[in-house]
Amino acid sequence: MQHKVTVVGAGNVGATTAQRIAERELADVVMVDVAADLAAGKALDMMEAAPILGFNARITGGGGYAPTAGSDICVVTAGLARKPGMSRDDLLAKNTEILKEVVERLVEHSPETILIIVTNPLDAMCEVARRVSGFPRERVFGMAGVLDSARMRYFIATELNVSVEDVDAFVLGGHGDTMVPLPRYATVNGIPLPQLLSAAKIEAINDRTRNGGAEIVNYYKQGSAYYAPSAAVLDMVAAILHDKKKILPCAVLLQGEYGYDDLFVGVPAKLGRGGMEEVIQLSLTTEEKAALAKSAEAVKGLVQSLKV
Ligand SMILES: NC(=O)c1ccc[n+]([C@@H]2O[C@H](COP(=O)([O-])OP(=O)(O)OC[C@H]3O[C@@H](n4cnc5c(N)ncnc54)[C@H](O)[C@@H]3O)[C@@H](O)[C@H]2O)c1
């Protein structure tokens, strides 16, 4: 394979991401986990599917970082997942420690890599990764918006009984209970959503989107969502490796855009070979701005309590 992607954390999200990347032959994948045998075993198990599925990418796994050297992209999923009743923010202290260690090791071996952060609380973990790596914002950003938007798209498609392929939607803001679904920018094959659904139905979809993560946690009891999250990471990885210039909502360090400075917030961004190549500015209504401000405040509160 021409490309190499490292995935740290061979748990639910990490392993499924590795599998998706390899099965599409996007890159060779190196999985790293403190549970070294888990990473090695899952890598071997996936490779034993290669003759059946017919993919030629190589997946390896273990506990060391030497094999990650020269990675084009490093996806960080290492950390604890939410348990029922636990907020993403409860994870802050523990996952800060983990992120710090993981990012230091990754950057040591791949100083030019692009970091995609997945670990929660997402926006704060992006800030930890940025501080520890010293990378410019083009090379350190987070996955959340693609997942949240995909959930919203699915709920819209189900409500209207139309193909998911026809539905586009955007969710802005932090990856938490204050995320901001933007139905005004949602379309069904170009038709604005407000022309197709009542305000009450749209608000119900917004609510379900905001609680989409918790809905899955409540089903699983142990652990959180991973099929849709890993698909969302795949979308970002493919956009970067194939230099697609695709506009995807990502957690990006804002530098003046949307009126915020030095804060990770979920906004539409153009992804290509240079990583996060451009922040796309949308014009927002007064209410949308207020919702985004509330979401940004929540992220700010977390970032201020970071000990890195
Ligand atoms: N951003 C999003 O939209 C989104 C979506 C889903 C999950 N998540 C987050 O992603 C993270 C992973 O979720 P999961 O379901 O895969 O959890 P998981 O428990 O299945 O996997 C986490 C893995 O990280 C490993 N790990 C822990 N400390 C490590 C370290 N120091 N170095 C290397 N590996 C280490 C664990 O051994 C485990 O295998 C969680 O924080 C979760 O909240 C984020």
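**Close-up 1. Packing around helix 5 (122–133) in a predicted model.** The buried residues of helix 5 (buried means under 20% relative accessible area, 1.4 Å probe, protein chains only) are in contact, with heavy atoms within 4.5 Å, with helix 4 (92–109), strand 5 (114–117), strand 6 (140–142), strand 12 (246–255), strand 13 (261–272) and helix 10 (286–304). Helices (H or I, at least four residues) and strands (E, at least two) are DSSP runs, numbered from the N terminus. Nine of the twelve residues are buried, so helix 5 is largely enclosed by the rest of the structure; among them are Leu122, Met125, Val128 and Ser133. Glycine 134, just after helix 5, has a positive phi of about 70°. Residues are numbered from 1 along each chain as its sequence is written. Local features need pLDDT of at least 70, side-chain atom pairs count only at pLDDT 80 or more, and totals for chains, interfaces and linings use all residues, while side-chain values use heavy atoms, without hydrogens and water.

**Close-up 2. The open sheet 7-10-11.** Its three strands pair antiparallel, where pairing requires at least two DSSP bridges between two strands. Strand 7 (167–168) and strand 11 (191–192) are at the edges with a single partner strand each, so one side of each has no neighbour in the sheet. Strand 10 (residues 187–188) is joined to strand 11 by two bridges, and threonine 187 has proline 192 as its bridge partner.

**Close-up 3. The buried face of helix 7 (residues 199–210).** Ile202, Ile205, Asn206 and Thr209 are buried. Seen down the helix axis, these residues fall within an arc of 100° (taken from the directions from the axis to the C-beta atoms), so they line one face. They pack against helix 6 (145–160), strand 8 (171–172), strand 9 (180–181) and helix 8 (212–220).

Notes
Buried means under 20% relative accessible area, exposed over 50%, partly exposed in between (1.4 Å probe, protein chains only). The expected span of a helix is 1.5 Å times one less than its number of residues.
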